[in-house]
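Me: Let's go through this one by question and answer. Keep it brisk.

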Number of protein chains: 2
Amino acid sequence: MNPTRSVFIVSDHTGITAEILGKSLLCQFPGEAFATESLPFVDTLDKVEDAAKRIREAWQASGMRPLVFSTMTDDDARAILDSTGAMIMDVFAHFIGLMTKELGRPAIHLKGQSHSASNETAYHERIDAVNFSLAADDGLATQKYEQADLILVGVSRSGKTPTSLYMAMQYGLKVANYPLTPENFEKHSLPATIRPYKRKLRGLTLTPERLSAIRSERRPNSEYAAMDTCKRELDLATQMMAEAGIPVLDSSTRSIEEISAILRQSLVKGGR
Amino acid sequence: MNPTRSVFIVSDHTGITAEILGKSLLCQFPGEAFATESLPFVDTLDKVEDAAKRIREAWQASGMRPLVFSTMTDDDARAILDSTGAMIMDVFAHFIGLMTKELGRPAIHLKGQSHSASNETAYHERIDAVNFSLAADDGLATQKYEQADLILVGVSRSGKTPTSLYMAMQYGLKVANYPLTPENFEKHSLPATIRPYKRKLRGLTLTPERLSAIRSERRPNSEYAAMDTCKRELDLATQMMAEAGIPVLDSSTRSIEEISAILRQSLVKGGR
């Protein structure tokens, strides 16, 4: 393993953009050891000086030039960070210049525009979606299905709830979820509650091994978590979803972000 | 209003990084009209050609050079996008080159490294945190408070649940939340359940106007949503939190992302 290099996320606001950018880039160098420190809300020149001091100290301590991912809207603030000699990768410094030229108008240089509540409509749409997804979790509030963008189905603990919440939070989509249970399987047909919404249904599945492991965390050594139960429920659910023509995704090999992005794309393509 | 310019988010994976970057940058030009289209999972050269065709068509239709925010790990794919003549802002093209030089080793050029489940530990930590926050929502599972990183308190509908879930999803923090109710206020002291965890407590508040509006959506014309009730509950909660020395944030002027970033910083500073 290489010696550890310091990485700083410096932002005059939440730092979310810089953090995600930094993470994406650092993942491209898996052989390196990085120690990442987030410095959000660096929104006065005094705080920028403090951040610069931290960066210089880290350099001195490790002997390695630190990497800095930043989103600083203020030119003076950027100049102070630059003066450390660390490797500054500032999103705004690079791209805003290009965009200003292309658009023929200056940027407003206001901090925290993208993660504030100032874009009222989009923000409240997302919060409404989160509240909807919480209210319509796990087969609740089925009378609201008319309003849902999507209804996720699958056996208990197949990843429906976190996926619903992520889609609501990230994309402002109203995502309900409905569990497929042993009682449903006995009837050998899609539950009557969800049948009218076939176009909105998407299935989640996973391997019996993974399901059994997840259920065991909740109820160790239970019938519910037993490998046989998991296998049987998954088989029946898969069959039921296939017969009903519901598109199904596997959550044992994909992250919630990946599943959400795929499901969102299916909505766009389906002409929501 | 200016004519609408097409913006494309093109990625060989989920497109989350490119989307967040694009949003941050577009927000810096509020006078412009943009029509944004996401093209995720553009992971074969055929799909890149399709994306390039979409970009050229949009240019022709609007007469304005499109902006493209992209995260393409493949050089050939980037060359195809470049050939459209649109303004390509590729995160990897720009920053990976700089990093390769600094780190003295090539990037792995593997797509979807940051939003896949391949980084097992970090991913499962986040999913565990989401499950924790769901289980410990709204005063439930108080026996798990020992494991919580934070416990949010505040009156009903002050924004505790979405904030808890966002912090879990984004930062992998286990965030419980506990409602302060009229019964608590009658006793004039912090509920016994949360008293032992004073160091982990953080308060949320908002204006009576905003609270009344939010509660009215749930239960219109109710005592619960009445301005008087909201004002009284908020006054008593604020007093209780102040007496207990609990740091309090206002959710009527801040987004969930902002509150979450501030709360996370308070943890780091407090030496979690």
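The questions below concern a predicted model, first a recorded site and then its salt bridges.

Me: Which residues does UniProt list under "binding site"?
Reply: The annotation comes from an unreviewed UniProt entry. That record names Gly154(A), Val155(A), Ser156(A), Arg157(A), Ser158(A), Gly159(A), Lys160(A) and Thr161(A).

Me: Is Val155(A) buried or exposed?
Reply: Val155(A) sits in the loop between strand 5 (150-154) and helix 6 (160-171) of chain A. Buried means under 20% relative accessible area. Val155(A) has 1% relative accessibility, so the residue counts as buried.

Me: Which residues is Val155(A) in contact with, leaving aside neighbours within four places in sequence?
Reply: Sequence neighbours within four places are set aside here. The contacts of Val155(A) are then Lys160(A), Leu180(A), Phe185(A), Leu211(A), Arg215(A), Glu233(A), Leu234(A) and Ala237(A).

Me: Which residue of chain B does Arg157(A) touch?
Reply: Arg157(A) also belongs to the loop between strand 5 and helix 6 of chain A. Its contacts beyond four places in sequence include Leu206(A), Leu211(A), Ile214(A), Arg215(A), Arg218(A) and Tyr224(A). From chain B, Arg157(A) touches Asn131(B).

Me: How many salt bridges does a search of the whole structure find?
Reply: Side chains of opposite charge can pair when their charged atoms come close. Over all chains, the search gives a total of 26 salt bridges.

Me: Why does the salt bridge of Glu102(B) and Arg5(A) join two chains?
Reply: The two side chains meet at 3.3 Å, N to O. Glu102(B) lies in helix 4 (residues 91-103) of chain B, and Arg5(A) in strand 1 (residues 4-11) of chain A, so the pair joins two chains.

Me: Which is Arg5(A), buried or exposed?
Reply: Its partner Glu102(B), at 21% relative accessibility, counts as partly exposed. Arg5(A) has a relative accessible area of 7%. Because the cut-off is under 20%, Arg5(A) is buried.

Me: Which residue 4 residues apart from Glu57(B) lies in helix 2 of chain B with it?
Reply: Glu57(B) is partly exposed, at 35% relative accessibility. Its salt-bridge partner at 3.5 Å, N to O, lies about one turn away in helix 2 (residues 45-62) of chain B. That residue is Lys53(B).

Me: How far apart are the closest N and O atoms of Glu57(B) and Arg54(B)?
Reply: Being 3 residues apart in helix 2 of chain B, the two are separated by about one helical turn. Arg54(B) is partly exposed, with a relative accessible area of 33%. The closest N and O atoms in this salt bridge are 3.7 Å apart.

Me: Which residues of chain A do salt bridges that share partners join into one network?
Reply: Shared partners link these salt bridges. The network consists of Glu37(A), Lys53(A), Arg54(A) and Glu57(A).

Methods
Residues are numbered from 1 along each chain as its sequence is written. Chains are lettered from A and ligands numbered from 1 in the order in which they are written. This is a predicted model: local features need pLDDT of at least 70, side-chain atom pairs count only at pLDDT 80 or more; totals for chains, interfaces and linings use all residues. Side-chain values use heavy atoms; hydrogens and water are left out. UniProt positions are given in the numbering used here, feature names are shortened, and annotations may be inferred rather than shown by experiment. Buried means under 20% relative accessible area, exposed over 50%, partly exposed in between (1.4 Å probe, protein chains only). Contact means heavy atoms within 4.5 Å. A salt bridge is a side-chain nitrogen of Lys or Arg within 4 Å of a carboxyl oxygen of Asp or Glu.
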